[in-house]
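Trainee: I should like to go through this model with you. Where shall we begin?
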Amino acid sequence: MKSISLIQFLIEEKRAGHINSELSLLIEVVARACKRISVAVAKGALGGVLGNAGTDNIQGEAQKKLDVISNEILLEANAWGGHLAACASEEMDDPQPIPDAYPKGHHLLLFDPLDGSSNIDVNVSVGTIFSVLRCPDDIDEVLAEHFLQKGTEQVAAGYVVYGPSTLLVLTFGHGVHEFTLDREHGSFVLSRRGMTIPAQTSEFAVNMANQRHWEAPMQRYIGELQAGSTGPRGRDFNMRWVASMVADVHRIVTRGGVFIYPLDARIREQGGKLRLMYEANPMAFIVEQAGGAATTGRERIMGLQPTGLHQRVPVFLGSKDEIDVVTRYHLESDDSRA
Ligand code: P6P
């Protein structure tokens, strides 16, 4: 089969009217930046890039050196092209406007430059997650409030997983497509077109160590999966937890499953662990485009009206039939307490 490069795919998408030239350039630039991140990640100890940077992000989390390096790579790559108005990142308190020296575009880019970075020092897959919104027209200065758009407003979303292969998975709202980095030629090549998530699954991903802190409907749901063929589900389930959202989500987009980071008593005040704008929303867009579902346990993630750039939410995503069950359990539990 003739290989199709990312560039050829983007030209196809432009011809189909799915994207415009500015968005095409944005994705090319992000993909090129992620190739540089892949090189930095692969160097590991030899590149002097492991360990902590000695700083904390706005979440109060210790930044790894590669968090900071990856953030800088994405900012530098996107500064001059004229396709963006501003960027926002997990690693920056506030949005970063495009420098005055360069032309501004009509898109906003949000990213978690290196998700799962606690895994870097033990050589487990990590990834970059990104989301693209339209910049509101007729504004002089881009403010955080301009990023606070619902997930349904995204014009593109994707992730790059730095694993045995470096893979870019992308959606423009017309299906989910995977590109594999051909290191010999330095280009991303289409490896899967139209990825779909089976509605049924026997695999779940959750950090079981937090079980005692979960809400009742979450206890009920996972308890039933653990009961397997001896319980109400009548079949056995399997568990995976990489503790790197990109790796767990990619497995689900590839072969099905559910990924859950629920509310629990420890994190109730902050609303959850994972961030809405640059983790939950882009992954929800991809999962829904692949035929899956993504909720907070109570409502569709992409329907949420954001209230803060670094807002956290509970995340239930993956095979639709299972997300429907666990979401129903939460709503039934709320009704019974009402
Ligand atoms: P825990 C990584 O820090 C991350 O944000 C996600 O990539 C991952 O799914 C989750 O947190 C892991 O959280 O509590 O199991 O370490």
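Mentor: With one term: domain bounds here come from an automatic or database domain assignment. On that basis the protein chain is divided into domain 1, residues 6-192, and domain 2, residues 203-337. Please keep in mind that this is a predicted model.

Trainee: How far apart do the C-alpha centres of domain 1 and domain 2 lie?
Mentor: Those centres are 24 Å apart. The contact between the domains takes 49 residues from domain 1 and 32 residues from domain 2.

Trainee: How many helices and strands are there in the protein chain?
Mentor: The protein chain has 7 helices and 17 strands.

Trainee: And what radius of gyration does the protein chain have?
Mentor: It has 20 Å. A compact globule of 338 residues would have a value near 20 Å, so the two agree. The C-alpha trace spans about 60 × 45 × 45 Å along its principal axes.

Trainee: What share of the residues counts as buried?
Mentor: Of the 338 residues, 56% count as buried. The accessible surface of the chain comes to about 14300 Å², and carbon and sulfur atoms account for 49% of that surface.

Trainee: What about contacts between residues at least 6 apart in sequence: what percentage joins residues at least 24 apart?
Mentor: In the protein chain that percentage is 63%.

Trainee: Changing topic to charges: how far apart are the mean positions of the positive and negative ones?
Mentor: The mean positions of the 32 positive and 42 negative charges are 6 Å apart.

Trainee: Now helix α5. Why is it described as largely enclosed by the rest of the structure?
Mentor: Helix α5 covers residues 245-255, and 9 of its 11 residues are buried, so it is largely enclosed. Among the buried residues are M245, V246 and I252, and the charged-type side chains D248 and R251 are also on that list.

Trainee: What comes just after α5?
Mentor: G256 does, and it takes a positive phi of about 95°.

Trainee: Which residue in the loop between β12 and α5 has a positive phi without being a glycine?
Mentor: That is A243, with a phi of about 65°. Its loop runs between β12 (238-239) and α5. A243 counts as partly exposed, at 39% relative accessibility.

Trainee: And N123: buried or exposed?
Mentor: N123 is exposed, with a relative accessible area of 74%; the cut-off for exposed is over 50%. N123 is placed in the loop between β5 (107-115) and β6 (126-134). Its phi is near 60°, again a positive value in a residue other than glycine.

How values were computed:
Residues numbered from 1 in each chain as written. Predicted model: local features only at pLDDT ≥ 70, side-chain atom pairs only at ≥ 80, totals over all residues. Heavy atoms only, no water. Helix = DSSP H or I, 4+ residues; strand = E, 2+ residues; numbered from the N terminus. Rg over C-alpha atoms; globule rule 2.2 N^0.38 Å. Buried < 20%, exposed > 50% of the residue type's maximum accessible area, 1.4 Å probe, protein only. Contact = heavy atoms within 4.5 Å. Areas by Shrake-Rupley, 256 points an atom, 1.4 Å probe, with all protein chains shown as cover. Charge placed at Lys NZ, Arg CZ, Asp CG, Glu CD.
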